[in-house]
Each structure stands twice: as C-alpha cells, then as structure tokens.
Amino acid sequence: MKKLLFLLFVFISLDSSEIIFASSGELSKPQTLVEMQAEKDELEKQETLLKFKWDTFKLGNDSLEDIVKTDLTDIEKTNLEELILLYLEWKEYLESDLNNAINSWKDILEIKKSLLNWKHDFYKQLIPYIQTSKLEAFKSYVDSDLNYNEKSKDIQTKINQKGIEQEKRLEELYDDRDDSARSLRKNIENSITLKVTPKINKFISQESFIKLSSEIKIEIFTNIKSKFEIAIDKLGDQATPTRALEERIIGLEVVVDILDSYIDNWR
C-alpha cells in the first residue's frame, strides 16, 4: 500500500508542477486614479482660495441684512419674507436634484444653470427692498457672491463628481481583479483536471488497487490529500506572494478538490 501511495503522489505531484500557465495580463495601472486625485487636490486648493475670498469679503463689507431698507411696510415685509422663503425652497429642491444627478452620473449642467439663474432672479427681485444709498454695496455683494461663493460651490460639485468617479473606478478595478482571479482559477482547474484525472484513473484501474477495500482506498487518497494541503499551507506562509506562487497554490487546491471527488465516490 505504501508503494501505491508513493506512486500516486509522484504521479500527481509531477503533473501539477509541470504545468505552466499563461499570464492573463496585469491589472490596469493606477495611473488613472493618481491623475484623478491630482485633479481633485488642485480643485480643493481652488475651492479653499475662493472660500477664503468670500469669507474675507463678508468680514469687511455689509451683509444683505445691513443693506435692506429699514422702513419697510408690513406688506413689503410680508412680500420680502415670501420671496426669501420661495427662493430657499426652490434652492433646496434644485440642490437635491443636483446631488441626485451627481450620484447617478447624470448630466448636471442644466441643473447648475437653473440654480444660478434662480439666484440671479432672486437678486433682481431684491432690488426694490434695498436702500438707495446701499445699491453699490448691494452690487458689490452680488458680484462677490457670484465670483467667489458660487464658483466655490461649482468647484465643490466638481470635487464631489471626481470623488464618485474615483469610487466607480475602484469598483471597476476590484471587479476586474475578481474576474481575473476567477478566470485564472478556471484555466488552472481545466488544465490540471485534463492532465491529472487521466493519470489517477489509470492508477486506480490497476488490479492491485481495485482489490483494495473502499476504506483503504479512502485512506490512501486522504494521506495524499494531506500532503498537498501541507504544501499549500507552506506556500501560503511565504512573505512575498507572486503571480507564480498564486498559480501554484491554486493548482494544488484543484488537485485537493479532485482527490476529494474520488474519496466521496468511495464513501
């Protein structure tokens, strides 16, 4: 029985070690992700600068509250309140649409235009409520808001888009890696099976093996399987995994699966 066990081990070991697998190609280099991050970093610098300019302007200039007329009638106050509430309501609605479009990879140009147009219209409708002496201050406020604050928001939108683009690219890379791993394993499995199974079948068709009881056959194959499992563990403990090492481990795992299929038949 020891001779049978040794011969079978030699048959399988030689066969699985001689198989050379063609590389299925490396994953795409992360250059695209690096470029994405570089662009994102540059956008964040621009956003920081614009936000600083907007905050600086607000510190040294009148706010909208400072330039609105102080002698508004009750009707004017009501109309102004309704105007502000309507603007805020539609602004929130459009910003929600914008975020949904970004997350869904939809075109956002029209939504951004609507947001900007809505603010322009809002400022135009504010003019009757602005103090005459503060019209220049109002104009300066509007210009700064559009040049600093709105551009900052626009850049923030681009940053969000770039972040989602990075996430999508990472998902694609992970999917490609999984597909590559599945393809590699399938190729190895087919190759090993085609080479090993005929030799095992030839081995177990020997009269000396056929006469053995199922228990002995199971014992022989279980002992052989354990040797391959030990080899897999040793290879898995190596500190620097390589593509060749990965292929070797997969090949040994396939052999273990094949041996298990024979063992199951004798149970």
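Helix axes here are lines fitted to C-alpha atoms over the stretch in contact, and the angles run from 0 to 180 degrees between N-to-C directions. The model above is predicted, so local features need pLDDT of at least 70, side-chain atom pairs count only at pLDDT 80 or more, and totals for chains, interfaces and linings use all residues. Residues are numbered from 1 along each chain as its sequence is written, and side-chain values use heavy atoms, with hydrogens and water left out.

**The overall picture**

The protein has nine helices and zero strands; helices (H or I, at least four residues) and strands (E, at least two) are DSSP runs, numbered from the N terminus. Read from the N terminus, the order of elements is α-α-α-α-α-α-α-α-α. Of the 267 residues, 33% are buried. Buried means under 20% relative accessible area, exposed means over 50%, and partly exposed lies in between, with a 1.4 Å probe and protein chains only. Contact means heavy atoms within 4.5 Å. Among contacts between residues at least 6 apart in sequence, 83% join residues at least 24 apart.

**Two helix pairs**

Two packed helices are described by the angle between their axes and the distance between the axes. Let's begin with helix 4 (residues 74-103) and helix 5 (residues 109-126), whose axes come within 9 Å and cross at roughly 170 degrees. The two helices are therefore roughly antiparallel to each other. Angles under 35 degrees count as roughly parallel, over 145 as roughly antiparallel, 65 to 115 as roughly perpendicular and the rest as oblique. On the helix 4 side, the contact includes Leu80, Leu83, Tyr87, Trp90 and Leu94. Helix 5 contributes residues including Ile111, Leu115, Trp118, Phe122 and Leu126. By class, this contact has 14 nonpolar, two polar and five charged residues. Here Ala, Val, Leu, Ile, Met, Phe, Trp, Tyr, Cys and Pro count as nonpolar, Asp, Glu, Lys and Arg as charged, and the others, Gly among them, as polar.

Turn next to helix 8 (residues 214-236) and helix 9 (residues 243-266): their axes come within 9 Å and cross at roughly 165 degrees. That crossing makes helix 8 roughly antiparallel to helix 9. The contact between helix 8 and helix 9 has 16 nonpolar, three polar and six charged residues. Helix 8 passes helix 9 in a left-handed crossing, a name used if the near helix is turned anticlockwise from the far one by less than a right angle (right-handed if clockwise).

**Four buried residues with polar side chains to look up**

Here are the accessibility values for a few residues worth finding in the viewer.

| Residue | Relative accessible area |
|---|---|
| Lysine 162 | 11% |
| Asparagine 149 | 15% |
| Lysine 225 | 16% |
| Threonine 197 | 19% |Lysine 162 lies in helix 6 (residues 135-204). What does lysine 162 touch, not counting residues up to four places away in sequence? The partners are Met36, Glu39 and Lys40. A polar contact of 3.2 Å also joins the side chains of lysine 162 and glutamate 165. A polar contact is a pair of N or O atoms within 3.5 Å; within protein, one must be able to donate a hydrogen and the other to accept it, and residues adjacent in sequence count only if both atoms are side-chain atoms.

Asparagine 149 is in helix 6 as well. Its side chain makes a polar contact of 2.9 Å with the side chain of aspartate 145. Leaving aside neighbours within four places in sequence, asparagine 149 is in contact with Trp54, Lys119 and Ser144. The C-alpha atoms of asparagine 149 and aspartate 55 are separated by 8.7 Å, although these residues are 94 apart along the chain.

Threonine 197 is placed in helix 6. A polar atom of the threonine 197 side chain lies 2.9 Å from the backbone oxygen of threonine 193. With neighbours within four places in sequence set aside, threonine 197 is in contact with Ile192, Ile258 and Tyr262.

Lysine 225 takes us back to helix 8. Apart from residues up to four places away in sequence, lysine 225 touches Val256, Leu259 and Asp260. Between lysine 225 and isoleucine 263, 38 residues apart along the chain, the C-alpha atoms are separated by 9.9 Å.

Technical notes:
Polar contact = N/O pair within 3.5 Å; in protein donor to acceptor, adjacent residues only side chain to side chain.
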